[in-house]
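I set out to look up how the ligand is held and which pockets the protein has. My notes follow the structure.

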Amino acid sequence: MALPVERGQELELEQIEIELLLEGIYRRYGFDFRQYAPASLRRRVRRRMDGEKVETISALQNLLLHDPAVMERLLLDLSVNVTAMFRDPTFFLAFREKVVPMLRTYPFARLWVAGCSTGEEVYSLAILLAEEGLSDRVRIYATDINETVLERARLGVFPLDKMQEYTQNYIRAGGARSFSEYYVARYDGARFARELVDGVVFAQHNLVSDAAFNEFNAITCRNVLIYFAQPLQERVHRLFYESLAMFGVLALGQKETIRFSPHESTFEEIDADERLFKKVR
Ligand SMILES: C[S@@+](CC[C@H](N)C(=O)[O-])C[C@H]1O[C@@H](n2cnc3c(N)ncnc32)[C@H](O)[C@@H]1O
């Protein structure tokens, strides 16, 4: 007679299956999700099981290991690409007020937008820098783990029905022009001016496994670290620390912090609400 499996035991088994799945993904494809936050991982794996119409995680694993297209789809699920232009507008106000003057002190500066998703944040920062007369002096490096979203970012075409919301965000972010100057409405969406991102380097970069690739004067990484468990967050904090020039700024936005991390003492907080930190040692 089969013994009833307790709920707690079921969850434990599911956890084992997820760990095996993540190990398999890592060994087969090199993507390392082993230290992502468990609750969010579980939800996304379940969603992919529904999408692939399989009943068990082991069945999903079997599909994944043999079919890279399934991996692509899981990658999209795992990498939560929700974003918006001038998302959390007060962040951009703080950026204008506290980061722009620092960038202005350099003849040439580099800004890394880590986890840029489909590019809305990159275009927002490019608009802000253009308005501050810094387009030619600040080069943006925009990276994400996911090549599919980067392709969309390079295109710079965003849904037309979002433009009203983005216009409001832009105004609340301190924008003083008419937002519609920056795009042309086409049948396929709002096509943003190419000049905005002419100098932007879009590249795939994995915060979990890739090394530092340049020295930056500012790094923004918003709504990414929330998906990582603490040890992984600390690894990424170290990566940011190593990638920043002295007195460079790490901009994490409202949801993340380096407080209580081993790197806390190497940074000074310059904006508590928007979580802007300056590297001081
Ligand atoms: C919710 S979006 C945030 C987009 C934007 N920063 C914002 O705040 O609107 C999170 C992004 O992080 C990316 N991401 C997740 N894990 C990553 C990793 N290990 N390395 C680089 N990017 C990653 C995802 O692909 C996704 O595009």
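The entries below record what I looked up, first around the ligand and then in the pockets.

**Entry 1: the model.** I noted at the outset that this is a predicted model.

**Entry 2: the shell around the ligand.** I looked up which residues surround the ligand and found 21 of them. The closest are Tyr36, Thr83, Arg87, Glu121 and Asp144. I then sorted this shell by class: eight of its residues are nonpolar, nine are polar and four are charged.

**Entry 3: polar atoms at the ligand.** I asked which parts of the protein place N or O atoms beside those of the ligand, and I recorded three pairs, beginning with tyrosine 36. In the side chain of tyrosine 36, an N or O atom is 2.6 Å from a nitrogen atom of the ligand. For aspartate 144, I found a polar side-chain atom 2.6 Å from an oxygen atom of the ligand. Leucine 207 takes part through its backbone, where an N or O atom lies 2.9 Å from a nitrogen atom of the ligand. I also looked up how far the ligand is covered: on its own it has 600 Å² of accessible area, and the protein covers 99% of this.

**Entry 4: the largest pocket.** Where does the ligand sit? I found that the space it takes is the largest pocket. I recorded a space of about 340 Å³ for this pocket. Its lining consists of 23 residues, and those nearest the centre are Ser79, Gly115, Asp144, Asn223 and Val224. Asp144 therefore appears twice in my notes, being also among the residues closest to the ligand. By class, I counted eleven nonpolar, eight polar and four charged residues in the lining of the largest pocket.

**Entry 5: the second largest pocket.** I next looked up the second largest pocket, which has a volume of about 210 Å³. It is lined by 14 residues, and Ser135, Asp136, Val138, Leu196 and Gly199 are the closest to its centre. I asked which elements give two or more residues to this lining, and found helix H6 (120-131) and strand E2 (138-144). The lining of the second largest pocket divides into eight nonpolar, two polar and four charged residues.

Notes
Residues are numbered from 1 along each chain as its sequence is written. This is a predicted model: local features need pLDDT of at least 70, side-chain atom pairs count only at pLDDT 80 or more; totals for chains, interfaces and linings use all residues. Side-chain values use heavy atoms; hydrogens and water are left out. A residue is near a molecule or strand if one of its heavy atoms lies within 4 Å of it. A polar contact is a pair of N or O atoms within 3.5 Å; within protein, one must be able to donate a hydrogen and the other to accept it, and residues adjacent in sequence count only if both atoms are side-chain atoms. Accessible areas come from the Shrake-Rupley method with a 1.4 Å probe; for residues, only the protein chains shown count as cover. On a 1 Å grid over the protein atoms alone, a cavity is a set of points where a 1.4 Å probe fits but cannot get out, and a pocket is an open set with protein on both sides within 12 Å along at least five of seven lines; lining residues have an atom within 4 Å of a point. A molecule sits in a cavity or pocket if more than half of its atoms lie within 2 Å of its grid points. Ala, Val, Leu, Ile, Met, Phe, Trp, Tyr, Cys and Pro count as nonpolar, Asp, Glu, Lys and Arg as charged, and the others, Gly among them, as polar. Grid points are joined across faces, edges and corners, and a volume is the space filled by probe spheres set on the points. Helices (H or I, at least four residues) and strands (E, at least two) are DSSP runs, numbered from the N terminus.
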